[in-house]
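Welcome! Open your viewer, bring up the model, and follow along stop by stop.

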Amino acid sequence: MLDDKLTSIKGVGDEINKKLSILGISNIADLINYFPKRYEDYSIISSISDLRPGVVSLRGKIVQAKGRYVRRGLHITEAIMSDNSGSVRIVWFNQPYRANALKPNQEYYVSGNYELSNSRFSIMNPSCELVSEFPANTARILPVYKLTKGITSNQIRKLIKQVIGLIRSLEETLPKELIDNEKLISYSQAIEYIHFPNKTSDIGLAEKRLGFEEVFELSLASLLNKKEIDLLNSFKIDFKQDLAKKFVDNLPFDLTSAQRKVVWQIYQDLNQEKPMNRMVEGDVGSGKTVVATMASLMAISEGFQVAFMAPTEILARQHAQTIADLLDPMDMKDKLGLLVGSMTTKEKDEVKKRLNKFEISFIVGTHALIEENVSMDKLGLVIVDEQQRFGVAQRKKLMSKAQKMPHFLSLTATPIPRTLALTVFGELDVSILDEKPKARLPIKTKIVSPNSRKQLYEEIVAELNNGRQMFVICPLITDSAALDVNSVEKIYKQMKEIDFKKYNVGFLHGKMKGVEKNQIMEDFLNRKLDILVSTTVIEVGVDVPNASVMLIEAADRFGLAQLHQLRGRVGRGTDQGYCYLMLSDSSKPSPRLRALVSSNDGFKLAELDLKLRGPGAIYGTLQHGIIDFRIARLDDVTLIKSARNAAKNFIDENIDLDKYKELSLKVNKLRIVTNLN
Ligand code: ADP
Ligand code: MG
């Protein structure tokens with residue numbers, strides 16, 4: 001049975017059981033769902049007389065097997081294998097049981113590497129099995145699994161082979177019509193092929209089937225959630241044209257047409273009885289804060305409360321400031337509040353009291369906002385900045401403060417291709433800010449080798465002398481013996497005492513106290529500091545328009561998306577911004593860094609990252625965590641589209657999910673982890 005313990009399989013004792021559990025395998029279902037990470041092709045049987053060095057499989061009899069210790073800790077078994085074309089030497093290291101286990105006059109399959117050892121060509125450490133219809137470890141395409149110490153792929157294959165009968169009797173999990181329409185192989189066939197393909201094309205068939213199922217389940221879960229959210233009641237927030245016009249007229253700039261379009265989408269959403277559930281995706285510097293403020297404006301004017309959550313305190317403080325400035329002409333400043341961890345208990349209590357009395361209708365804060373004792377009875381709109389940093393549970397908690405389901409808006413700079421966004425965040429409507437404010441110059445990005453540091457500093461001095469400021473980012477806080485890269489402490493000291501003696505240098509990192517961090521950030525904003533040496537704590541969202549230089553130490557240590565985010569901290573006004581990517585040594589820059597030099601477009605870079613690193617790249621930046629495609633490739637647009645469409649049809653046709661036991665189990669599980677209610 002699927003939920004039987006592994007110890008019910010022959011050969012699994014406590015020892016192996018424990019090790020398998022490290023891999024997350026604790027019952028038979030886990031075992032058959034433990035998919036290989038790659039395959040090695042041992043399917044072609046060679047004649048011994050035709051052997052070429054490399055990966056080979058043979059079929060023949062094995063004679064003269066003898067084992068001996070050559071020294072302590074090193075045992076060698078040698079044997080001769082013969083087929084009707086010739087003979088070859090086989091060597092096993094440290095497998096003393098081998099000689100006695102081999103049966104004379106029986107035919108074996110042997111798969112291993114044919115290579116030079118002690119000046120003789122031999123088959124080294126091969127797998128070896130009696131010839132049969134269904135070998136597990138030889139003479140076929142062999143799956144390779146992710147392992148832990150003390151477990152080999154051979155062992156895993158053997159175990160799966162023992163439950164092959166069960167695999168072959170697995171029931172279908174998807175609706176039959178779907179299997180036919182999409183030309184998929186059956187579930188049981190797919191599970192067998194993923195572990196034991198007979199030929200290469202079987203792997204593709206299995207992956208298509210299992211990948212389709214993953215995307216189909218996730219799409220179904222998010223579409224069902226969407227359907228349910230659509231049925232919920234929220235607050236209808238009327239659109240007041242005069243108000244919007246007054247706000248826009250008082251802006252120091254014109255909105256981009258992308259901003260106008262997105263704001264309009266949001267206003268239409270707010271004007272419904274059902275809750276808005278929208279994500280605004282916009283590259284760094286595309287102006288998401290104004291968009292969020294315009295959404296809030298409408299909600300506040302109708303008497304609702306708005307909660308705006310940011311991932312860090314620095315960012316929350318900055319948003320509060322920006323929003324206060326933006327709302328200044330609207331006479332709404334006194335309705336604004338801030339709630340962050342580093343405030344004193346007294347200050348916090350005061351804010352909470354004012355929230356309770358509706359004196360504050362627009363609250364900006366960090367996770368402190370979701371504390372139990374913050375009440376917001378009139379909460380009508382929740383905005384989450386850089387939403388991938390918040391867990392679903394936290395969002396739910398915040399929403400639970402409202403009387404009805406509040407409208408939900410999330411802002412993210414993670415450029416996720418649209419098909420992907422639709423699947424991973426399926427229940428969200430997606431708006432894309434695909435345009436940057438006009439007057440903005442592309443940031444000049446340059447890769448710098450450490451030998452040219454002095455020259456670079458001369459260029460930077462010119463900028464500083466113009467009254468501009470510089471961020472310096474280091475991968476570490478303190479020097480580390482393990483990593484030879486510049487730390488915040490080291491660079492800070494060097495700059496302060498030597499290279500930039502004449503300037504005010506400060507430092508910032510995540511280990512500092514909240515109040516200290518705020519002070520430093522404020523000093524930088526108020527130009528009391530010319531240079532801020534920091535870790536990536538400033539990565540998300542920080543807006544210091546006067547900063548024009550971003551110097552990234554050991555740039556090769558950062559991912560492409562992160563570098564792009566960091567670069568986005570400068571060149572936010574109309575002046576030229578500069579980004580210098582300092583290499584940690586004088587080796588050649590990676591394609592990643594060169595890509596960054598060639599483009600300022602976050603979406604383009606995300607696509608490039610997908611190509612360079614595979615779909616895991618974007619996936620990593622999502623930090624979604626719970627949803628885990630094991631087979632489906634996130635860049636397989638065709639697969640994602642067809643599975644998504646199939647899920648849509650399934651819902652449109654009102655098919656009863658409960659008819660499919662496995663499917664409904666999985667979908668309901670996914671619904672819980674992705675649902676925002
Ligand atoms: P992000 O999308 O990265 O959160 P912000 O909202 O912080 O971007 O905006 C970046 C900067 O651009 C801010 O200084 C903001 O005032 C400015 N800005 C926003 N919209 C426009 C616009 N339409 N024209 C010019 N500047 C703008
Ligand atoms: Mg932002």
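In which hand does H19 pass H20 in their crossing? To find out, select helix H19, residues 560-567, and helix H20, residues 591-598. The crossing is right-handed. Please keep in mind throughout that this is a predicted model.

**Stop 1: the helix pair**

Look along the two helices: H19 and H20 pack at an angle of about 35°, and their axes are 10 Å apart. Now show side chains. On the H19 side, pick Leu560, Leu563, His564 and Arg567, which meet Arg592, Leu593 and Leu596 of H20. If you colour the residues of this contact by character, you get 4 nonpolar, 1 polar and 2 charged.

**Stop 2: the domains**

Next, colour the chain by its assigned domains. Domain 1 takes in 1-42 + 140-169, domain 2 covers 44-137, domain 3 is 241-271 + 287-412, and domain 4 is 444-599. Place a marker at the centre of domain 1 and another at the centre of domain 4: taken over C-alpha atoms, these lie 48 Å apart.

**Stop 3: the open sheet**

Now turn to the strands. Seen in order, E10-E11-E9-E12-E13-E8-E14 make up an open sheet of 7 strands with parallel pairing. Select E10 (336-339) and E14 (429-433) to see the edges; each has a single partner strand, so one side of each has no neighbour in the sheet. From one strand to the next, the twist averages 20°.

Go inward to E12, residues 379-385. Is this strand largely enclosed or open? All 7 of its 7 residues are buried, so E12 is largely enclosed by the rest of the structure. Strand E9 (residues 305-309) runs parallel to E12 and is joined to it by 5 bridges, and another 5 bridges join E12 to the parallel strand E13 (residues 407-412). Click on Leu381 in E12: Val306 has it as a bridge partner, and in E13 the bridge partner of Leu381 is His407.

Step on to strand E8, residues 277-282, which pairs with E13 in the parallel sense over 5 bridges. Here Asn277 stands opposite Phe408 of E13.

Then add helix H10, residues 257-270, which lies across E8, E12, E13 and E14 and runs at about 155° to E14.

**Stop 4: a single residue**

Finish at Thr77 in strand E3, residues 74-83. With a relative accessible area of 0%, Thr77 is buried, as that value is under 20%. Select its surroundings, leaving out residues up to four places away in sequence, and you will find contacts including Lys66, Ile90, Trp92 and Arg98.

Conventions
Residues numbered from 1 in each chain as written. Chains lettered and ligands numbered in written order. Predicted model: local features only at pLDDT ≥ 70, side-chain atom pairs only at ≥ 80, totals over all residues. Heavy atoms only, no water. Axes fitted to C-alpha atoms, helices over the stretch in contact; angles between N-to-C directions. Helix = DSSP H or I, 4+ residues; strand = E, 2+ residues; numbered from the N terminus. Left-handed = near helix turned anticlockwise from the far one by under 90°. Contact = heavy atoms within 4.5 Å. Nonpolar A, V, L, I, M, F, W, Y, C, P; charged D, E, K, R; others polar. Buried < 20%, exposed > 50% of the residue type's maximum accessible area, 1.4 Å probe, protein only. Pairing = 2+ DSSP bridges. Domains from an automatic or database assignment.
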